[in-house]
Amino acid sequence: MKKIKWIIVVLTVLIVASGIIFMIGNHYQMTEKRVEIPTEKAKLSAVITFPKQKKIKGIIVFVHGDGPQNATQDGGYKPVMERFAKAGFLSVSWDKAGIGSSTGNWLDQSMDDRAKEVSQVIAWLKIKYPKEAKQIGLWGASQAGWVIPKVMATNPKIDFSILVGPAINWMRQGLYNTDWRIADAGGSKSERLAERAVFEKDAQLIKENATVDVYKSAGGKEKLSSDRYLFIRRNLDADATADLANIKRPLYLVLAEKDKNVDSLETKAVYTDVVKKSVLQVKTIANTEHMMLNPKIAHHPFLVTLTAVMMPKYFLVDQDYLDYCQEVAEAQ
C-alpha cells in the first residue's frame with residue numbers, strides 16, 4: 001500500500017513539474033491577436049504579436065518558406081517573434097492560403113503571386129495599424145528568398161528585410177539538396193551523379209508536360225499531386241538574381257554554416273556580388289543547419305518534438321540566430 005502511495009506521489013510531482021516547465025517554456029513576452037486580412041485572391045487568417053511595452057517601432061511581416069505552413073509554423077516562429085517584440089516590433093504572419101482558416105490554395109501561387117500577397121498585406125496593415133506601421137520590415141526563410149527580393153524591388157514601403165537561408169536558383173538548389181541527400185544516405189560519387197541526372201531529366205519532363213498525368217506517362221519519377229506538380233512547374237525557373245540587383249533598402253542575409261538544403265556559399269557569393277554593398281549585411285550562424293534549430297538537438301527528432309512542446313522559448317532555436325535577429329530589429 002505504501003509503495004502505491006509513493007508511486008502516486010511521484011507521478012503527481014512529475015505531472016506538476018511538467019506543467020510548470022510547459023508554462024515557463026511557452027510563456028512569451030508578447031500578446032497575440034487573430035485577424036482576417038483580405039487579399040485579391042484569399043482571406044488570410046493571420047496572427048499579430050504585440051510587444052508588451054508601450055513604445056512600438058514598427059511591424060515585421062513574416063514570409064513563409066515552402067510547404068503548408070500555418071501562421072506560427074506550429075509555434076516554431078514564436079521565439080523569433082518574441083525577440084522582435086522585445087525590440088519594439090509587431091510581428092504579422094498568416095496561415096498560407098488554404099491552410100488553417102485561410103481561404104484559397106497556396107499551391108496556385110507563383111513567386112510573383114506570393115510577392116503581391118505580401119504587398120497586399122502591407123497595404124492592409126498601413127490602413128488598420130497606421131501608427132504601428134511607421135516602419136515595415138520583412139522576415140523570411142528559405143523559399144522566401146524568391147519572394148522578399150521581389151517585394152523589396154517593387155515596394156518602396158519596405159524599410160529593411162531579414163532573409164534566412166535563401167536560395168538563388170530553384171534548379172541549382174534542388175541539385176545541391178539532392179547531392180546531400182544521397183551523400184547522407186551513404187551514396188558514392190557515381191550515385192550522386194546518377195541522381196543529379198535523374199533530377200535534371202525529371203525537371204525537364206515537368207517543363208515539357210502540362211499535367212501530372214502526362215508527366216507520369218512520359219516517365220516522370222516524382223510522386224506528386226496535381227496541385228504540387230503545377231506549383232513546381234510554375235516556379236521551376238525561379239531565380240532571385242535580377243530582383244536582388246534592384247534592392248535599395250537594408251537587407252540582412254542570415255546563413256547557416258552547415259545548410260544541406262541551400263548552398264550558403266553560393267548564396268553569399270551572389271548576394272555579395274549583386275546587392276549594393278551599402279545595404280547588405282551578411283551573418284553566418286556557426287554549427288547550424290537550414291532550420292536554425294538548436295544544434296544540440298537538431299539531429300534527434302524526439303528531442304526536437306519534446307522541446308517544441310515543452311520548452312520552445314529557450315531550447316528549440318539556435319540562440320546566436322535569435323540574438324542576431326533581435327540585434328537587427330533593435331538597430332532600426
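# Exercises on a predicted model

Lys 207 and Asp 237 form a salt bridge, in which the closest N and O atoms are 3.1 Å apart. The model used in these exercises is predicted.

## Exercise 1. Place the Lys 207 pair

Task: State where Lys 207 and Asp 237 lie, and classify the exposure of each.

Solution.

Step 1. Lys 207 belongs to helix α6 (residues 189–208), while Asp 237 sits in the loop between α8 (226–235) and α9 (241–244), so the salt bridge ties together parts 30 residues apart in sequence.

Step 2. Lys 207 has a relative accessibility of 37% and counts as partly exposed.

Step 3. The value for Asp 237 is 58%; exposed residues are those over 50%, so Asp 237 is exposed.

## Exercise 2. Two salt bridges of helix α3

Task: Find the salt-bridge partners of Asp 112 and Asp 113, and say which parts of the chain are linked.

Solution.

Step 1. The structure holds 13 salt bridges. One of them pairs Lys 41 with Asp 113, with 3.8 Å between the closest N and O atoms.

Step 2. This pair connects distant parts of the chain: Lys 41 is in the loop between β1 (30–38) and β2 (43–51), Asp 113 is in helix α3 (residues 111–128), and the two are 72 residues apart.

Step 3. Exposure is assigned for each partner. Lys 41, at 63% relative accessibility, is exposed. Asp 113 has 19%; buried means under 20%, so Asp 113 is buried.

Step 4. Asp 112 forms a salt bridge with Lys 150, at an N to O distance of 3.1 Å. Asp 112 is in helix α3 and Lys 150 in helix α4 (residues 148–154), so this bridge ties together parts 38 residues apart in sequence.

Step 5. With a relative accessible area of 43%, Asp 112 is partly exposed.

## Exercise 3. Strand β3 and its partners

Task: Decide whether strand β3 is enclosed or open, and name the strands bridged to it.

Solution.

Step 1. Strand β3 covers residues 58–63, and six of its six residues are buried, so the strand is largely enclosed by the rest of the structure.

Step 2. The burial applies to both faces. One side carries Gly 58, Ile 60 and Phe 62, the other Ile 59, Val 61 and Val 63, and all are buried.

Step 3. Strand β4 (residues 89–94) runs parallel to β3 and is joined to it by four bridges. Within this pairing, Val 61 has Val 92 of β4 as its bridge partner.

Step 4. Between β3 and β4 the chain passes through helix α2 (residues 78–86), giving a right-handed β-α-β crossover.

Step 5. Strand β5 (residues 136–141) is also parallel to β3, with five bridges between the two. Here Ile 59 is paired with Ile 136 of β5.

## Exercise 4. Strands β7 and β8, and Leu 251

Task: Describe how β7 and β8 pair, then give the surroundings of Leu 251.

Solution.

Step 1. Strand β7 (residues 251–256) pairs with strand β8 (residues 280–285) in the parallel sense, over six bridges. Leu 253 has Val 282 in β8 as its bridge partner.

Step 2. Together with helix α10 (residues 264–274), β7 and β8 make a β-α-β unit that is right-handed.

Step 3. Leu 251 is a residue of β7, and its relative accessibility of 0% makes it buried.

Step 4. The C-alpha atoms of Leu 251 and Val 279 are 5.9 Å apart in space, although the residues are 28 apart in sequence.

Step 5. With neighbours within four places in sequence left aside, the contacts of Leu 251 include Met 152, Ser 161, Leu 163, Leu 244, Tyr 271 and Val 279.

## Exercise 5. Buried Thr 49 and exposed Phe 302

Task: Which residues does Thr 49 touch, and which residues make a surface patch with Phe 302?

Solution.

Step 1. Thr 49 lies in strand β2 and is buried, at 0% relative accessible area.

Step 2. Residues up to four places away in sequence are not counted; Thr 49 then touches Met 30, Thr 31, Glu 32, Met 81, Phe 89, Leu 90 and Ser 91.

Step 3. Phe 302 is found in helix α11 (residues 301–310) and is exposed, with a relative accessible area of 62%.

Step 4. Phe 302, Leu 303 and Leu 306 make a nonpolar surface patch of about 290 Å².

Notes:
Residues are numbered from 1 along each chain as its sequence is written. This is a predicted model: local features need pLDDT of at least 70, side-chain atom pairs count only at pLDDT 80 or more; totals for chains, interfaces and linings use all residues. Side-chain values use heavy atoms; hydrogens and water are left out. Patches are made of residues with over 30% relative accessible area and no salt bridge: like charges are joined within 9 Å, nonpolar side chains (Val, Leu, Ile, Met, Phe, Trp, Tyr) within 5 Å. Accessible areas come from the Shrake-Rupley method with a 1.4 Å probe; for residues, only the protein chains shown count as cover. A salt bridge is a side-chain nitrogen of Lys or Arg within 4 Å of a carboxyl oxygen of Asp or Glu. Buried means under 20% relative accessible area, exposed over 50%, partly exposed in between (1.4 Å probe, protein chains only). Two strands pair if DSSP finds at least two bridges between them. A crossover is right-handed if, with the strands pointing away from the viewer, the path from the first strand over the helix to the second runs clockwise. Contact means heavy atoms within 4.5 Å.
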